[in-house]
Amino acid sequence: MNNGASPDVQPKRLGLHMAEGLPRMARELLAGEHAGEDLPTLLGRARELVRAVENYSAGAVLDARHRGTSWDRVARAAQISSQTARERWNESVTEHRLNRQLSERTSLSPTLPLPTTHSSAFRSSQSSLSEKASADRAARLLADALSFLHEASGLALRDVAVSLGMSSSYVSRILSGDRLPGWSVMQDMMACFGADAAILRHLWETSHGIAPSTRRPVTQAADRVFHALQGLYTAAGRPTPADVHRDCSGALSPSMVERVLDGTYLPDWPEVSALVAALNGCPEEVRPLWEEFHYAWLCTFEQSEEGVSNTPGRTDGNGELH
């Protein structure tokens, strides 16, 4: 992390932050189709998705302009005239609009707000579908992680069942994702596999629809991020750092991947977002944990600057942990 960085979203990554909302909205549209929603509701979802794609295009153009890309190159990429590009993506107006939208959704709340509509019933339906999609995805990843750890342990299913005091069939249903275990069962199962239950806490909470509490001390907040990343890494079958480097399009070097996963380095959000996506996770669901850490670190840093007797825990201004 940059020393003294602002918690606000930086304009040069508007495209990234706009893109993060697209998978969720597309999933909600697909869920609406499966649920047999009526045509006005489905078209309303589609309009919201189209607007979100348009916002992404605007963010991507502004990112390019901040990097020095000429309007002529922007126009060629968009297959429109230079004048049309200038008018469509007027920099000051568009940047203000996008940053305002981001400031409304990037708070320290457990989840990002859903697109607004005029119908409170529709908003409630959206929220329910979004939460169910997140819970279902987390449950699948949780089962993947437990299955990986079981296989890595070399223990027979019957031995695991005896250790937990459960039937083999019930343990099998947990490992297959047909049953969600309680937290005490999770702890016992992870102990049986010789693993730290904390790395799967975020997936377990999300699968049960439990919103994480906020405003932890900086060290605890950092651990929450690390554990969430380690849980996704486990669910992905613990690929090599080189494979993760490839899958996140080089956003993190193999050595940086190792340092993140062993809990000694926490980069800025764009890199964390790329890592989450490379591990088959949803950046929107991990982002609140990172923001909680960022907020806690900034508060600690500001207090230290003011002479308050309070150290930044294990973090310094470069994201290093001690």
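1. A good place to start is helix 14, which spans residues 254–261 and has V257, V260 and L261 as its buried residues. Seen around the axis, these residues cover an arc of only 90 degrees, which means that they sit on the same side of helix 14. As a general point, an α-helix has 3.6 residues a turn, so residues three or four places apart point the same way. Please keep in mind that this is a predicted model.

2. What lies over that buried side? The cover of the buried residues of helix 14 includes helix 12 (218–235), helix 13 (241–247) and helix 15 (269–278). After helix 14 comes G263, with a positive phi near 80 degrees.

3. Stepping back, the protein has 16 helices and zero strands. Of its 322 residues, 43% are buried. Taking contacts between residues at least 6 apart in sequence, 67% link residues at least 24 apart. The accessible surface is about 15900 Å², and carbon and sulfur atoms account for 50% of it.

4. Now to the interior. The largest nonpolar core holds 56 residues, and those touching the most other members are L146, M186, M189, M190, L200, L229 and F293. Helix 12 supplies the largest share of this core, with ten residues. A separate core has eleven residues, including L14, M18, A58 and A75.

5. M189 is worth a closer look in the viewer. Which residues does M189 contact, leaving aside its neighbours within four places in sequence? They are L146, L164, V171, I174 and L175. Of these, L146 is also among the residues that touch the most other members of the largest core.

Terms used. Residues numbered from 1 in each chain as written. Predicted model: local features only at pLDDT ≥ 70, side-chain atom pairs only at ≥ 80, totals over all residues. Heavy atoms only, no water. Buried < 20%, exposed > 50% of the residue type's maximum accessible area, 1.4 Å probe, protein only. Helix = DSSP H or I, 4+ residues; strand = E, 2+ residues; numbered from the N terminus. Arc of directions from axis to C-beta. Contact = heavy atoms within 4.5 Å. Areas by Shrake-Rupley, 256 points an atom, 1.4 Å probe, with all protein chains shown as cover. Core = buried A, V, L, I, M, F, W, Y, C linked by side-chain atoms within 4.5 Å.
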